[in-house]
Each structure stands twice: as C-alpha cells, then as structure tokens.
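Please look over the sequence and the model shown here before reading on. The report that follows takes up the domains, one sheet, and a few loops in turn.

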Amino acid sequence: MERSQITTYVNANKERFLNELLDLLKIPSVSADPKFAGDVNKTAEMVKQRLIEAGLDKVEISKTKGFPVVYGEKIIDPKKPTVIVYGHYDVQPPDPLELWDSPPFEPVIKKTALHPDGAIFARGSCDDKGQMYMHVKAFEFMMKSGTLPCNVKFMIEGEEEVGSANLGPWIVENKNRLQGDVILISDTSMIANDTPSIDVGLRGLAYMEVEITGPNRDLHSGVYGGAVANPVNVLCKMIASCHDENNHITIPGFYNDVVELTEAERKEMANAPFNLADFKKDLNVAEEQGEKGYSTIERTGIRPTLDVNGIWGGYTGEGAKTVLPGKAFAKISMRLVPNQSSDTISNLFQKHFESIAPKSVKIKVTHHHGGEPVVVSQNSAAFKAASMALEESYGKKPVPTRGGGSIPIVALFKKELGLDSILMGFGLDTDALHSPNEHYGLFNYYKGIETIPLFYKNYMANK
Ligand code: BES
Ligand code: MN
Ligand code: MN
C-alpha cells in the first residue's frame, strides 16, 4: 500500500466524504437528554447503513439497556490479527445555544486561524462523529483497493458522553465476537496540525452530586437572614475548602494511590512542545492556575483535580429577589490518575463532605458515573504502528502525550477483553469539544482518513 494511493482515493472522494459526515452531524444525537432519544436511535441507523455501504459484514444495531451499539465486522482470515475500532455516535448537549455562531446541528464550514483550510462547525464534529467516521472511510478505501491486511470489527456506541454504563455489560455478553488483538480509537487530541502526538494516558473520573438542605422552606432573607444557615453559603464554603493555598486537594487520603512520575519521566514530558502564552491567549485569561509544583501539561496530564461542573440554588431569574434558599446543589467531578480508583475516591469524597457539613444543614451525596485512568504502553506493536503511521503521514515523529480527558470504557477493554487501546486522535484541544462552536478541521478529517490505513499496514508489518 502506497501513501499516494490513499491520497488519490481521498482526493477523488473528498466531496462525498464530507457530505456523508455532514449528514451524520445534522442528527442531534444528544445522549444526555431524553428529548433526543429518537434522534440518537436514528443516528445508530445511519451509522449501520454506512458500515454496510463501506463493506462490513454482519452489521447490526445491538440492543443494550440504553442506546444501542452499532457492530459490524470483516473477517478476511480467522488466523490473521483483528483490529477492533471503537468510537461513539452520541454527542454532548449543545447548550448554551445562544453562544453558538451558527446552529449546532446545521454544520457550516468556516476558516479559522488554526484551520486555514476550513473547519466543520457542528456539535459532534470532532467529538466524536468526525473522528469515528474517518475509520469508516479508511476501511472503505482498504476494501475498494484490496489492501485490507487483517480482520476488522467496528463497535460504535451511543452512550459515551453519559458514562458508557451499558457498554460494560454489553462487552461481557459479547466477549466471543469481540476477540481481537487491539482496540483502535480516534477520540482524543493531538498537539497541533504540524505537531502530531499520540495520547499515552487518559484520566479517570469520579462524578458526584451534593444536595444541601437548610430550613424546611425558602425564607425571607431579612426576617431570617443571619439566624439560619444559608445552604448556598454553606455549600460554597465547603467547596472552597476542598483546595488549600497551593491548590492541593484537601480530601483526606485523596492522593494516597497517586503514582508520582520520576524526574526522568517528567523531563520527558516537558519536551513536548507547549506554549503557555498561546494557551492563555486562546482562553483569554491573564494567568494560568493550578497545583503548585507542577507545569500546565502536568496539571492536565498526570495530576488529579476537583472541579465544580454546576452549582445552583436560590433565585437566579431576572432582577433581584431577597430570599434565603432552603436548598443548594452542586455537581462536582474529580479527574483521576493512575492508580486512583473511581470508587475509592467517590467514597472518600462522600465521607469528607458528610464530615465537613455543619450541623445546621442536612447533606445528601450521590454518585454519578465514573471511570478508571489508563496508561498506554509505548512498546507494543500497535503503538509502534500508530507512531509510524503518523510519522509517515505528517513527516514528523509523533510526541507521546498524556491526555486530560476520560474515555471510561478503555479501562474495561483491558479488564474484560485483555486488550490494549491505541489512542490515535486527530482533533485539537482548541476545537471546542463540549463547548459552543465545536469544530473539526477539514485537514484533520482527511489526514485522519489517510493515516488510518497506514496504521493497519505497519501493524501487520510489526506483528
Ligand atoms: N473524547 C472525549 C475524551 C477526550 C477528549 C479525551 C480529548 C482526551 C482528549 C470523550 O468523549 C469525553 O468527553 N469523555 C468524558 C467522559 C464522560 C464520562 C462523560 C469526559 O472526559 O468528560
Ligand atoms: Mn469523545
Ligand atoms: Mn466528549
């Protein structure tokens, strides 16, 4: 397989590849909001259709307790290795809608400073429809050109953005047909379009919700204010106490299982190109912040965090209302690093919050989804194949990086199937994933389609 052969095929099919992705992006497959359930299922149908058209066999929409998994396979020779492609067809809610420059499910192409060739603006363009669909088109190329060198299985889920709770049981039930050698995923970022990188780690997650109840009803803040605990005040104080003056997390035992990197490993990490001035400029912040003693890349890659995702209570409507609210709520998540465990940390959080709540309020802590952290070995045949593929395609050796995000199912692939995952992502951190105006570069989309067949080629050569 020559690189020029792939480039020729991609160039000849550019329009169609783009239009097919745009059609996928027009369906609002928001897994978090029941209102969109019909659209999520419709998207599964479209993915199924596209897998069939690309040449996969036994394509089906496989039911789970939640949204289905779209599965398909091409077995060319049972004795040959099998690559399992994982991706997700669900997307994050588009809110807040008013901050989008164009409607989230009406994709438009616009140029940006980082994407001079244009980028597709739509929810899910980068995370993960655009990146997932590159695999379908790369597979189509290998089928059409007779260059598919091994077996392939596609497993595209519809609940990644809500924690993949039903995918674990599905994997266990489908162990037989999920036999394979490696999982290939494009659902992460690279450093820049001229600086290819491969994620060699993902953070885990523990997601909690806290409800604070004060008096049995909302009160007049003048009549009662000062004499009764205000749940919003109390919750804010509790949250503020979770970080000390060095931005260390104060939950007892929180760092017990954290693996500290060696000086050599930290030096290695510091070699990755990173421009703090660009980082601050992109976010329009005067100063970065984070845990003392660690660089910005370390803060997102190898250190655990605690962040409030949402907080509410009391009056938030127009104008002013004097009220001492009866309740306050917060959604709080912690990003975890090796070897922290999502359950252990969730329990420590709960115990800590229950212990610091003053007697003047009641507290209820609930556990949402979680996921375990992951480290990817750089010594496997598959990792080397991904590295060689990117080098061949970008003309530069990719830099290994630790991604700050989470893909909870990756740890389960290892646990249940014994398989390592390769995180060959083509998006950029600045592509506004989960934010208004999410976009995915056309360069990234086509480059991904061109690079993936090289992974297969190099994987077979290395195995
Ligand atoms: N694709 C992202 C994860 C990601 C993005 C990893 C960029 C590395 C770099 C994924 O869709 C995601 O958003 N995961 C959630 C996890 C979840 C349980 C909702 C996350 O990280 O918040
Ligand atoms: Mn994703
Ligand atoms: Mn996501």
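## Two domains and their contact

The domain bounds used here come from an automatic or database domain assignment. The structure is a predicted model, and its chain is divided into domain 1, made of residues 3-202 + 373-462, and domain 2, made of residues 206-258 + 304-370. Between the C-alpha centres of domain 1 and domain 2 there is a distance of 36 Å. To the contact, domain 1 brings 9 residues and domain 2 brings 7 residues.

The area buried between domain 1 and domain 2 comes to about 530 Å², and carbon and sulfur atoms give 59% of this. On the side of domain 1, Gly163, Pro373 and Ser406 supply 53% of the area that this domain buries against domain 2, which is more than any other three residues supply. As for salt bridges between domain 1 and domain 2, the count is 0.

## A sheet of three strands

Strands of a sheet pair through backbone hydrogen bonds, and they do so either in parallel or in antiparallel fashion. In this model, an open sheet of 3 strands follows the order S4-S5-S18, and its pairing is antiparallel. Its edge strands are S4, at residues 108-110, and S18, at residues 439-441, each of which pairs on one side only. On average, and with direction ignored, neighbouring strands of this sheet are turned by 30° against each other.

Strand S4 pairs in the antiparallel sense with strand S5, which holds residues 119-121, and this pairing runs over 3 bridges. For valine 108, the bridge partner in S5 is phenylalanine 121.

## Two loop residues, buried and exposed

Serine 31 has its place in the loop between helix H1 (3-25) and helix H2 (37-54). Its relative accessible area is 9%, and because buried means under 20%, serine 31 counts as buried. When neighbours within four places in sequence are left aside, the residues in contact with serine 31 are Val40, Phe67, Asp90, Val91, Gly158, Glu161 and Val162.

Lysine 79 lies in the loop between strand S2 (69-74) and strand S3 (82-88). With a relative accessibility of 76%, lysine 79 is exposed, because the cut-off for that word is over 50%. Although lysine 79 and cysteine 150 are 71 residues apart in sequence, their C-alpha atoms are 9.1 Å apart in space.

## Cis peptide bonds

Aspartate 95 and proline 96 are joined by a cis peptide bond, for which omega is about -5°. Proline 96 is found in the loop that lies between S3 and S4.

A cis peptide bond also joins aspartate 127 and aspartate 128, here with omega at about 0°. The loop that holds aspartate 128 lies between S5 and helix H3 (129-144).

## Positive phi in the loop before S18

Histidine 434 has its place in the loop between strand S17 (427-428) and S18, and asparagine 437 also lies in the loop between S17 and S18. Phi of histidine 434 is near 65°, a positive value in a residue other than glycine, and for asparagine 437, likewise a residue other than glycine, phi has a positive value near 65°.

How exposed or buried is histidine 434? At 40% relative accessibility, histidine 434 counts as partly exposed. Asparagine 437, at 14% relative accessibility, counts as buried.

How values were computed:
Residues are numbered from 1 along each chain as its sequence is written. Chains are lettered from A and ligands numbered from 1 in the order in which they are written. This is a predicted model: local features need pLDDT of at least 70, side-chain atom pairs count only at pLDDT 80 or more; totals for chains, interfaces and linings use all residues. Side-chain values use heavy atoms; hydrogens and water are left out. Two strands pair if DSSP finds at least two bridges between them. Helices (H or I, at least four residues) and strands (E, at least two) are DSSP runs, numbered from the N terminus. Axes are lines fitted to C-alpha atoms, for helices over the stretch in contact, and angles run from 0 to 180 degrees between N-to-C directions. Buried means under 20% relative accessible area, exposed over 50%, partly exposed in between (1.4 Å probe, protein chains only). Contact means heavy atoms within 4.5 Å. Buried area is the accessible area (1.4 Å probe) that two parts lose on being put together, summed over both. A salt bridge is a side-chain nitrogen of Lys or Arg within 4 Å of a carboxyl oxygen of Asp or Glu.
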